[in-house]
Amino acid sequence: MSNTAPKLLVMGNWKMNPPTIGSAKELMLDIRKGIGRHKSEVEVVVAPPTVYLPEMERITPSQRILLGAQDVHSEKSGPHTGEVSLSMLESVGVSHIIIGHSERRAAGETDLEIYKNVQTVLKGKAVAVVCVGETHRDAHGNYFGVVEAQLRAALRDVKPMWLKYLTIAYEPVWAIGTGETATPEDAHEMRLFIQKILMDRFGRSALKKVRILYGGSVKPQNAEALLQEGEVDGFLIGGASLKAKDFTEIVKIGERYVKNNPS
Ligand code: PEP
């Protein structure tokens, strides 16, 4: 991450929740109240369903909570029914875009589409949060190969000057929405592995620019250990981001962690 960026990133992915604009407003206002307006070393991003974005932009005026999108189309405009472009998202306040979430990969999104989306977002100077992760773990460590292949495909043609806009989210699929979490040691091992790939591809300076998040059943109960022992740069959070209390508690755990571990 660049030297001026906050130390950690905590991003909520609401997926296809909550069911109405009224309940989305209530959730965002509760998160806003819990987070407060103070300057913080934890960047907070919420990715609501696309249709709620204009209203979410209206009720999060302070920049303390940034807005994310759950997906984007790589083209600027054209005959792509149901899709949204980067400029459309930016025009309603979005700065961070999730790319290649495992639920989209499972629905058929290909490495090529993910590559194109990464290109579009990084060229457009928005933050690309690129998700990688294995569906299962085996005794032979083949999951490292899976993550490496996903990363190399997504990062093909990425220019070093774009790295400050790149975030990687390691999200083991078996941990998403299941209540199972990677251990802090597992998260740490994968962080080192991802860093090695970034270093091979872009050189050592990449490590200061690219954040590596963990996602997969993050909760207030496991967040501190994942930061402390996993040494991740923050979280991508599904289920717990729909509970204002849990989400804001995780942000506070991040703030305490940064305070107690000044670098
Ligand atoms: C996710 O979907 O990116 C995710 C991490 O979900 P959960 O926190 O619910 O496991």
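The following exercises, with worked solutions, concern the predicted model shown above.

Residues are numbered from 1 along each chain as its sequence is written, and side-chain values rest on heavy atoms, without hydrogens or water. Local features need pLDDT of at least 70 and side-chain atom pairs pLDDT 80 or more, whereas totals for chains, interfaces and linings use all residues.

**Exercise 1. Overall form**

Determine how the radius of gyration of the protein chain relates to the globule rule.

Solution. Step one: the chain holds 10 helices and eight strands, taken as DSSP runs (helices H or I, at least four residues; strands E, at least two) and numbered from the N terminus. Step two: the radius of gyration is 17 Å, close to the 18 Å that the rule gives for 263 residues, so the chain is as compact as a globular protein of that length. Here the radius is taken over C-alpha atoms, and the rule is 2.2 Å times the number of residues to the power 0.38. Step three: buried residues (under 20% relative accessible area, 1.4 Å probe, protein chains only) make up 53% of the 263 residues.

**Exercise 2. The sheet**

Establish the order in which the strands close into a barrel, and place helices H5 and H9.

Solution. Step one: strands pair if DSSP finds at least two bridges between them. The eight strands close in the order E1-E2-E3-E4-E5-E6-E7-E8, with parallel pairing. Neighbouring strands are turned by 30° against each other on average, direction ignored. Step two: as one instance, three bridges join E2 (residues 42–47) to E3 (residues 65–69), and Val45 has Leu66 in E3 as its bridge partner. Step three: helix H5 (residues 111–123) packs on the sheet, touching E4 (94–99), E5 (127–132) and E6 (166–170), and its direction makes about 165° with that of E4. Helix H9 (residues 220–228) lies across E1 (8–13), E7 (211–215) and E8 (234–237), at about 140° to E8. Axes are lines fitted to C-alpha atoms, for helices over the stretch in contact (heavy atoms within 4.5 Å); angles run from 0 to 180 degrees between N-to-C directions.

**Exercise 3. Glu134**

Decide whether Glu134 counts as buried or exposed, and identify its side-chain polar contact.

Solution. Step one: Glu134 is found in the loop between E5 and helix H6 (142–155). Step two: Glu134 counts as buried because its relative accessibility is 1%. Step three: its side chain makes a polar contact of 2.9 Å with that of Trp174, meaning a pair of N or O atoms within 3.5 Å, one able to donate a hydrogen and the other to accept it. Step four: beyond its neighbours within four places in sequence, Glu134 is in contact with residues including Tyr143, Tyr170 and Met190.

How values were computed: Buried means under 20% relative accessible area, exposed over 50%, partly exposed in between (1.4 Å probe, protein chains only).
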